[in-house]
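User: Please take a close look at one part of this model, the packing of its helix pairs, and then set that part in the context of the rest of the chain.

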Amino acid sequence: MATTIWQPKEEGLREICGLLEEYRSPTSDQSRIWQQLQRYSQLPDFGNYLAFILARAEGKSVEVRQAAGLLLKNNLRTSFHLMIASYQQYIKSELLPCLGAPDRHLRSTVGTVVSVIVQQVQVRGWPELMQALVQCFDSNDFNHMEGALDALSKICEDIPEELDADVPGLPERAINIFLPRLFQFFQSPHVSLRKLALSSVNQFIVFMPTALLLSMDQYLQGLFSLSQDPAPEVRKLVCAALVQLLEIRPDFLQPHMRNVIEYMLQANQDSDADVALEACEFWSAFCEARIPPEILREFLSRLIAVLLLNMVYADDDEALVDAEVDETVPDRDQDLKPRFRTSRAHGADGAEEEEDEDDIINSWNLRKCSAAGLDVLSTVFGDEILPILMPLVQAKLSNVDISWKEREAAVLALGAIAEGCINGLFPHLREIVAFLVPLLDDKFPLVRSITCWTLSRYSKWIVQGAGHLEGHDQFDKVLTGLLRRILDSNKRVQEAACSAFATLEEEAAEELAPRLELILQHLLCAFSKYQRRNLRIVYDAIGTLADAVGGELNQAKYLEILMPPLIAKWQQHSNFDRDLFPLLECFTSIAQALGPGFSQYAEPVFLRCITLIRTQQVAKADPMRAGTAYDKEFIVCSLDLLSGLAEGLGSGIESLVARSDLRDLLLQCCADEAADVRQSALALLGDLAKVCTVHLQPHLHDFLNLAAKQLHSKLWK
């Protein structure tokens, strides 16, 4: 008996198309339409309707058919395996003829849906697709070739290893079928075909299948032939391939390394910024690839000149816009960076990464990549680069007619080489610092901000010299200069100065004690004028100061400056306000530094932490009852602050623990599924065990069992 082929019902087709058309209108009630589409998605053949609209609704606009395809893609991600086999087959059979659809947007959407299905069923679950792709490649019809290449490139991007698997029914692995054809497309007269073919092959570099290993000479010849391609998107892919090969299998490039370096130097100056950025990644990759550096030595003078040139701000750099924003303009929500908190160091893995000097702008660009390249070059070649770089830097800094952007790039270069070239720079540190300090008052904000960062890169050596008279005077000038910039009217400079000062604090430690009053006055003045974003950095600077000077802070004259504004902020924030996090971390450092001196502030802080933990435990079980969504970071920060209290107050915390339900809350936190909650909870458990074991005694067995679990169970990592 013949199987009935699925057909859409006219009414259902009309309604779904109508909803898709309506959804595209900017004035429509999109929430209502989305809910109706979600109701339709409960129908077992909803995917069939979408496939039909994408493939066959020729009377509808391309946008509506595309929308059906994208909705189909999302639907298949979650429900393809729930469909009956005949519906799965129907969708597959509708897609294959559309690989060569006349409209490029439809072809691209079909390719996306095809890739999603292959992720669900693998190549073995759809052998007809491989045959269809080969037919399209061999058809010599542009639409079919591009559609098939688009689909294949998406499969290669999502699941490249699938194409290197044995499949029953196929005479050989898919990669062996496709790779020779992809290499042929490198010579295509059509830009899009060259680009898609190269993009597809590049996806195999990381896991390097045997087929690519055996074809490496052909691949490299293809890359070299495309290196001067007129299309920048193809040249960018050539650079990306060479960088990846350098990282994964540098031995393949070594016979050609001189030519590759020559090409990358040229590409690093490409008129297309994306090509230049991709090429610039090569220098860091080279230095980290454990290749003997001698081969790069002969290119250093040209390379350093190119990097320095590319470190100048581009006219369209978004940082230039942000640099004009002064302190009176309120922060927008999108200005507030996500926080990447690290737990207090109870043997925690890793340390906080040093922040990039202009992390305020999150996009990676040629300027930053060039500075990073110079930094890593300095670590490999050390003082050897100074005779090349320093004349260029000095020429920029001494020329009064030079643009401020070039002056800024020269200061950035001095910061980039601070660690790698310190042996050669150290004898000249006094002159370097003497030159940089006046730039803290430059009229251009980005020159002031980069000078803060560059001075912070030399903090360790500036502090080392503070033991003798001249060095002491220099240290004072840097310290007071950074404090002055902390009170700058420009937000960008405020951030750079605060971050630089925190770095100086870490290095200076007890050297700060005689200057504590001056430092606190400046930080608390900043506290009163900063917007939300930079306020977080002030909290960090105050916390770092407390860590650096320790008990020196425990004097009435300092506490009178420090504590009232912090307590006012503490009271101002609600228990659901994420701006509490940096304040909790700041209080942690202060509690540890003040020791028993914190006791006058301890009770309200302790009780607030208990309330925060309890509220989040309720929110985890019932957000409606808690009045807020669960956010584990409130728990982690509160546990860390309680650890700080236990460490600072010692046995003085005993009475607070006795009158609270901390023990029961802590037991829950030690068993939490989130590793960072458990880590902070166990750290607090250890701190409490030192000072008030008696209150842990009733549940000591449970605590020890939970702690022991962390030592041997992979499930708890």
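Analyst: A crossing of two helices is called left-handed if the near helix is turned anticlockwise from the far one by less than a right angle, and right-handed if it is turned clockwise. By that rule, the crossing of α3 and α4 is left-handed. The model is a predicted one, and the values below are computed from it.

The pair α3 and α4 comes early in the chain, with α3 spanning residues 46–56 and α4 spanning residues 62–79. Their axes lie 8 Å apart, and the packing angle is about 145°. On the α3 side, the residues in the contact are Phe-46, Gly-47, Leu-50, Ala-51, Ile-53, Leu-54, Ala-55 and Arg-56. On the α4 side they are Val-64, Arg-65, Ala-68, Gly-69, Leu-71, Leu-72 and Asn-75. Sorted by class, this contact has ten nonpolar residues, three polar and two charged.

A second pair is formed by α21 (residues 386–398) and α22 (residues 404–416), whose axes come within 8 Å and cross at roughly 140°. Because an angle has to be over 145 degrees to count as roughly antiparallel, and 65 to 115 to count as roughly perpendicular, α21 is classed as oblique to α22. This crossing, of α21 with α22, is left-handed. From α21 the contact takes Met-390, Val-393, Lys-396 and Leu-397, and from α22 it takes Glu-406, Arg-407, Ala-410, Val-411, Ala-413 and Leu-414. Seven of the residues between α21 and α22 are nonpolar and three are charged, with no polar residue in the contact.

The third pair is α35 (residues 632–649) with α38 (residues 675–691), where the axes come within 9 Å and cross at roughly 20°. An angle under 35 degrees counts as roughly parallel, so α35 is roughly parallel to α38. The crossing of α35 and α38 is again left-handed. The α35 residues in this contact are Lys-632, Ile-635, Val-636, Leu-639, Asp-640, Leu-642, Ser-643, Ala-646 and Glu-647. They meet Asp-676, Val-677, Ser-680, Ala-681, Ala-683, Leu-684, Asp-687, Leu-688 and Val-691 of α38. By class, the residues in the contact of α35 with α38 are eleven nonpolar, two polar and five charged.

These pairs belong to a chain that has 39 helices and zero strands. Its C-alpha atoms fill a box of roughly 95 × 70 × 55 Å along the principal axes. The chain has 717 residues, and 56% of them count as buried. Its accessible surface comes to about 32300 Å², with 51% of that belonging to carbon and sulfur atoms. Of the contacts between residues at least 6 apart in sequence, 74% join residues at least 24 apart.

Some individual residues fill in the picture outside the helix pairs. Tyr-23 lies in helix α1, which covers residues 10–23. With a relative accessibility of 31%, Tyr-23 counts as partly exposed. Beyond its neighbours within four places in sequence, Tyr-23 is in contact with Ser-28, Gln-30, Ile-33 and Trp-34. Leu-95 is 72 residues from Tyr-23 along the chain, and their C-alpha atoms are separated by 24 Å.

Glu-318 is found in helix α19 (residues 318–322) and is partly exposed, at a relative accessible area of 43%. The distance between the C-alpha atoms of Glu-318 and Ser-363 is 9.0 Å, with their positions 45 residues apart in sequence.

Two loop residues deserve a check of the backbone. Most residues other than glycine have a negative phi. Gln-122 is not a glycine, yet its phi is positive, at about 65°. Gln-122 sits in the loop between α6 (104–121) and α7 (127–137), where it is partly exposed with a relative accessible area of 36%. Arg-290, also not a glycine, has a positive phi of about 60°. The loop that holds Arg-290 runs between α16 (273–288) and α17 (294–297). The relative accessible area of Arg-290 is 82%, so Arg-290 counts as exposed.

Technical notes:
Residues are numbered from 1 along each chain as its sequence is written. This is a predicted model: local features need pLDDT of at least 70, side-chain atom pairs count only at pLDDT 80 or more; totals for chains, interfaces and linings use all residues. Side-chain values use heavy atoms; hydrogens and water are left out. Axes are lines fitted to C-alpha atoms, for helices over the stretch in contact, and angles run from 0 to 180 degrees between N-to-C directions. Helices (H or I, at least four residues) and strands (E, at least two) are DSSP runs, numbered from the N terminus. Contact means heavy atoms within 4.5 Å. Ala, Val, Leu, Ile, Met, Phe, Trp, Tyr, Cys and Pro count as nonpolar, Asp, Glu, Lys and Arg as charged, and the others, Gly among them, as polar. Buried means under 20% relative accessible area, exposed over 50%, partly exposed in between (1.4 Å probe, protein chains only). Accessible areas come from the Shrake-Rupley method with a 1.4 Å probe; for residues, only the protein chains shown count as cover.
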